Amino acid sequence: MPLLEAVIFSCLWAFGLGQVKLEQPEISISRARDKSAHISCKVFISDFNNAKIHWYRQKPDQEIEHLTYIQRNKTRPCTTVPAGIGTRTGWIKVFAHGTKLIVTPPDRNLDADTFPKPTIFFPSIAEIKFHKVGTYLCLLENFFPEVIKIDWQEKDGKRILTSRQGDTVKTNDTYMKFSWLTVTKKSIAKEHKCIVTHTSNKGGVNEEILFRSMKKELAAIDSEKIEDATLQLQLANTSAYYTYLLLFFKTLVYSAIIAFYLFGGPALCGNEKSS
């Protein structure tokens, strides 16, 4: 299962260096052992005269191996890498993402239904209520080959969001993988999508799995907070009312005691003296 990567070398002083871009459309290609495979690479550069395109191969547990390079429509084998790579007067290198070539047994049916099958999970109410965040999870199962790329975005956004992924796990003759995205409570009101890149996707395009907005759940949580606040206010008012009554009755009792000693006490003493 060799891994091929396209590399471009340009002079440090070459104009348009910041516009150099390499694209390898396929993240993986599966072929039977006796079949050939075509691996493509698109190069975007302003001046091709000062550039070389190098192809490398890396087999499992082996060092990267240089295969050939192309310069001005000339292809030639090369056994050495140009000197001065990484120095001010030499060449610099830009790697593409690479394409993984997977060699399968001749009896393997590569036309089988092996695209990723998603199962989605939404944030729980408890997580949103007590932790102020929400976690979306996308489980992908029964796909082949194992090479897969998963990204997350807001539905109408272009920025790739920070997410996490589990390991790719083999199950019988296919694979499974899951990825999750944790967002703030404010972002839960937005729609999100999980973008899956896989060589077996239908139509050869990325699959976009939409996660709906959770506005209703947020409204319910906020409504509970309002009810809780109202109940707490009612309890506070009731408590204050009974506290007031208790203090009022205490005042009456104290007033009666003081009145007894002020008016009733002296009269009793006078009667005793007159006898």
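A residue is called buried when its relative accessible area is under 20%, exposed when that area is over 50%, and partly exposed in between. Keep this handy as we explore salt bridges in this predicted model.

**Exercise 1.** Find what Glu-154 pairs with, and decide how open to the surroundings each partner is.

*Solution.*
Step 1: Glu-154 makes a salt bridge with Lys-190, and their closest N and O atoms are 3.4 Å apart.
Step 2: Glu-154 sits in strand E12 (residues 149-154), while Lys-190 belongs to the loop between strand E15 (174-184) and strand E16 (192-197), so this pair links parts that are 36 residues apart in sequence.
Step 3: Glu-154 has a relative accessible area of 24%, so it is partly exposed. Lys-190, with 38%, is partly exposed.

**Exercise 2.** Classify Glu-208 and Lys-193, the two partners of a salt bridge, as buried, partly exposed or exposed.

*Solution.*
Step 1: The N to O distance of this salt bridge is 3.7 Å.
Step 2: Glu-208 is in strand E17 (residues 207-211) and Lys-193 in strand E16, so the bridge ties together parts 15 residues apart in sequence.
Step 3: Glu-208 reaches 51% relative accessibility, so it counts as exposed. Lys-193 has 10%, so it is buried.

**Exercise 3.** Do the same for the salt bridge between Arg-212 and Glu-217.

*Solution.*
Step 1: The closest N and O atoms of Arg-212 and Glu-217 are 3.1 Å apart.
Step 2: Arg-212 is at 39% relative accessibility, so it counts as partly exposed.
Step 3: Glu-217 is at 18%, so it counts as buried.

Well done! A search of the whole structure finds seven salt bridges, including that of Arg-212 with Glu-217.

Conventions: Residues are numbered from 1 along each chain as its sequence is written. This is a predicted model: local features need pLDDT of at least 70, side-chain atom pairs count only at pLDDT 80 or more; totals for chains, interfaces and linings use all residues. Side-chain values use heavy atoms; hydrogens and water are left out. A salt bridge is a side-chain nitrogen of Lys or Arg within 4 Å of a carboxyl oxygen of Asp or Glu. Helices (H or I, at least four residues) and strands (E, at least two) are DSSP runs, numbered from the N terminus. Buried means under 20% relative accessible area, exposed over 50%, partly exposed in between (1.4 Å probe, protein chains only).
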